[in-house]
Amino acid sequence: MDPLLAGLAAAFEPASLLMVVIGTVIGVLVGVLPGLGSVVGITMVLPFTYGMPQTASIALMLGVFCGSCYGGSITAIVLNTPGTPQAAATVLDGYPMAKRGEADLAIGWVTAASTLGGLFSVLILILAAPQLAAFSLQFTPIEYFALGIFSLTCIANVSRDAMAKGLLAGMAGLFLATIGTDPVTGDLRFTFDVFELSSGIELVPVIVGLFAFSEMFVRTAERLDLGGAERFRVGFRLPPLREWRPRLGILLRSCLIGSFVGALPGTGAATASFIAYSEAKRVSPRRERMGHGEPDGLIAAESSNNAVTGSALVPTLALGVPGDPVTAVMLGALVIQGVAPGPQLFIDQMPLVYAIFFVLILCNIVMFATGALGAPLFTRVLRIPEPLLIPLVMVITLVGAYGVRGNMLDVWVALAAGAVGAVMRVTGFPIAPMVIGMVLSPMIEQSLRQGLVVTRGSFLAFFERPIALTLFALTAAIFLWPLVQRLRGKGRGKAAERVPDA
Amino acid sequence: MPSQGALSALVAGVLLAAAAVFGWDTFRDSYHLSRAVQGVGPAFFPRLVLIGMAGLAVVVIVQELRRRSAPLSGEGAARAAAATALTVLYGIGVATVGFLLSSIAFIALMPVLLGYRRWPVLAVLSVVYAVAVWWMFERFLLIILPHSPWFATF
């Protein structure tokens, strides 16, 4: 069968369609609940994917990803609290609209903008991923090593305020992945004669622990709301077409920003929404009204954060490298499903690639329907008291850790990672770098060792290849840029001090 | 309570110690006896990473000790420690008395620990939710969860 038709058939199988709907609804619910977010949402549904067909399991995860990016905006509008970090910019105009009695219209704007942003990013994914995969076929282990090192730059992006701590966490992640059997020689490393460690530390339990358990542990220290949020009802009203026409430029610009930012390592939807919002504030003819309930702000924030969903998958699917923690979790889940993301995916498993494209389109359409029909109902989930919610999330995530191999060791790893993650949160160590390090470590090690074989042990020869050299230069630039900025800032500060003296 | 800076330095110190212990382990005889290609054996990459880890740990320790930071608030620390201990007990329970029974107990006890006191809600929710999750995985998704030593099915 033609790969396109096979992909279409896989995406429209009843199981896949059902998982698109369930995943999107769960995603919206997770987004509505403040603090859970996309990573915890995907971690929660992970155990359900183990026994599913490939396309259905991917549909479930993509549904959660898309739904959670959108769901946070509902809480932002009605509670003045973003349900997820990516909805933080939505608060600025969403809540003022709600205060004016236009919460239903604000939800209409964000639902439509999220859907259009999401669909735009699928288009980017369809156009860019195969090209990038085809280009990467020229890669030798040396280029893959350079790519792995470049992908580590996302650590710099997610640890802006604590670069050394982020890099240290990243190094710890790189090291954790070396425990177990050496992929080249088959020797056991750092197992200390513990047989269970010979197959290494599984990624999924570490993710479950670092993100979900640690979040729950830290929450238990906070003063919890025993009664749930107060009762309220909101509706859904789609803005008329004539209101859209003058705002199409903002929409397109924000979609482009979201798609571009999403494909960069370590940036994510929250960054995209703030960049798009500030760009809208710069160019919008209605910029004076932004921050006081202007739909331009909602369009910018929501279309850009959902435009990240498709483009974030470009490097993940085409190169097998995750752009952020969300795609790192999905990468781990895809590997469990027997899918090996990378250029070979676009040669060997084109039907699956097409199925992913179609599933993403469906997720965005279902997301619109879910928002339109269910927005008033979703806010009711906020009534669940947090002390009840915490053990419910923990039970599911524990199954997620156990279900990978049916091994209690993975549960202990998840619990230990949860405690480590809680300490990291309290002490200001970013968590994402550790996961990114763990994901990238096998690729970096293998490509480095294979590359050294190719160059007969000469590391300097790595810099003689143009693509690798470019990636190394970009890596150095991204790591050094904050340092340059700081030095320039200090220089300006000194100059400013000198002016009054003069 | 100690300051965030002191705790961060302690975490970095633990990582520095771990780098030293694992680094020392890479000099075991078995690594030297294994096959090396172009002089690169199984200890090559971990050593590079551990050297980077040790260097960065020193940087973090110096940074954090030079930084003045306010003491952390101790509010809720005891509750978080108790919740963590209860979760560890839950893990032990899963391994010893099975998933279903330990989950019922965990779902009932954790909210109590966090101050929730609506007993009928707790009783119904803990049983219904634990049974629903157990049924979903065992019967529907065919993922076998740990059983108790007393019952054949759960």
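A crossing of two helices is right-handed if the near helix is turned clockwise from the far one by less than a right angle. The model described here is predicted. In this model, helix 19 of chain A and helix 6 of chain B form a right-handed crossing. Side chains from both helices make the contact. Chain A contributes A:L388, A:L392, A:V395, A:I396 and A:V399 from its helix 19. Chain B contributes B:V121, B:L122, B:L125, B:Y129, B:V133 and B:F137 from its helix 6. Helix 19 of chain A spans residues 386-403, and helix 6 of chain B spans residues 119-140. Their axes lie 11 Å apart and pack at an angle of about 20°. Angles under 35 degrees count as roughly parallel. The two helices are therefore roughly parallel to each other.

The nonpolar core comes next. The largest one has 196 residues. Within this core, the residues with the most contacts are A:L62, A:L168, A:L210, A:F346, B:F99 and B:F137. Helix 4 of chain A, residues 54-79, supplies the largest share of the core, with 14 residues. Domain 1 (4-66) and domain 2 (77-140) of chain B both give residues to this core, so the core lies between them. In general, nonpolar side chains tend to be buried together in soluble globular proteins.

B:F99 touches residues of both chains. On chain A, its partners are A:V395, A:L398 and A:V399. On chain B, they are B:Y90, B:V94, B:A130, B:V133, B:W134, B:L145 and B:P146. Residues up to four places away in sequence are not counted here. Of these partners, A:V395, A:V399 and B:V133 also take part in the contact between helix 19 of chain A and helix 6 of chain B.

Chain B is divided into domain 1 (4-66) and domain 2 (77-140). The C-alpha centres of these domains are 38 Å apart. The loop between helix 3 (44-66) and helix 4 (77-97) of chain B holds B:R67. B:L72 is also found in the loop between helix 3 and helix 4. B:R67 is partly exposed, with a relative accessible area of 35%. B:L72 counts as partly exposed too, at 21% relative accessibility. B:R67 is 61 residues from B:A6 in sequence, while their C-alpha atoms are 9.1 Å apart in space. For B:L72 and B:A6, the sequence separation is 66 residues and the C-alpha separation is 10.0 Å. Leaving aside neighbours within four places in sequence, B:R67 is in contact with A:K165, B:Q4 and B:G5.

Two helix pairs in chain A share helix 13. In one pair, the axes of helix 12 (residues 248-263) and helix 13 (residues 269-283) come within 9 Å and cross at roughly 150°. Helix 12 is thus roughly antiparallel to helix 13. Their crossing is right-handed. Helix 12 brings A:I250, A:R253, A:S254, A:I257, A:G258 and A:V261 to this contact. From helix 13 come A:T271, A:A272, A:I275, A:A276, A:E279, A:A280, A:R282 and A:V283.

In the other pair, helix 5 (residues 88-99) of chain A packs with helix 13 of chain A at an angle of about 45°, with axes 8 Å apart. That angle makes helix 5 oblique to helix 13. A:A88, A:A89, A:L92 and A:D93 of helix 5 meet A:S273, A:F274 and A:Y277 of helix 13.

A:T115 is found in helix 6 (residues 103-136) of chain A. It counts as buried, at 8% relative accessibility. Apart from neighbours within four places in sequence, A:T115 is in contact with A:N364, A:M367 and A:F368.

Positive phi values appear in two loops of chain A. Phi of A:F190, a residue other than glycine, is near 55°. A:F190 sits in the loop between strand 2 (188-189) and helix 10 (203-221). Its relative accessible area is 2%, and it is buried. A:R456, also a residue other than glycine, has a positive phi near 55°. The loop between helix 21 (432-454) and helix 22 (466-501) holds A:R456. At 69% relative accessibility, A:R456 counts as exposed.

Terms used. Residues numbered from 1 in each chain as written. Chains lettered and ligands numbered in written order. Predicted model: local features only at pLDDT ≥ 70, side-chain atom pairs only at ≥ 80, totals over all residues. Heavy atoms only, no water. Core = buried A, V, L, I, M, F, W, Y, C linked by side-chain atoms within 4.5 Å. Buried < 20%, exposed > 50% of the residue type's maximum accessible area, 1.4 Å probe, protein only. Helix = DSSP H or I, 4+ residues; strand = E, 2+ residues; numbered from the N terminus. Domains from an automatic or database assignment. Contact = heavy atoms within 4.5 Å. Axes fitted to C-alpha atoms, helices over the stretch in contact; angles between N-to-C directions. Parallel < 35°, antiparallel > 145°, perpendicular 65-115°, else oblique.
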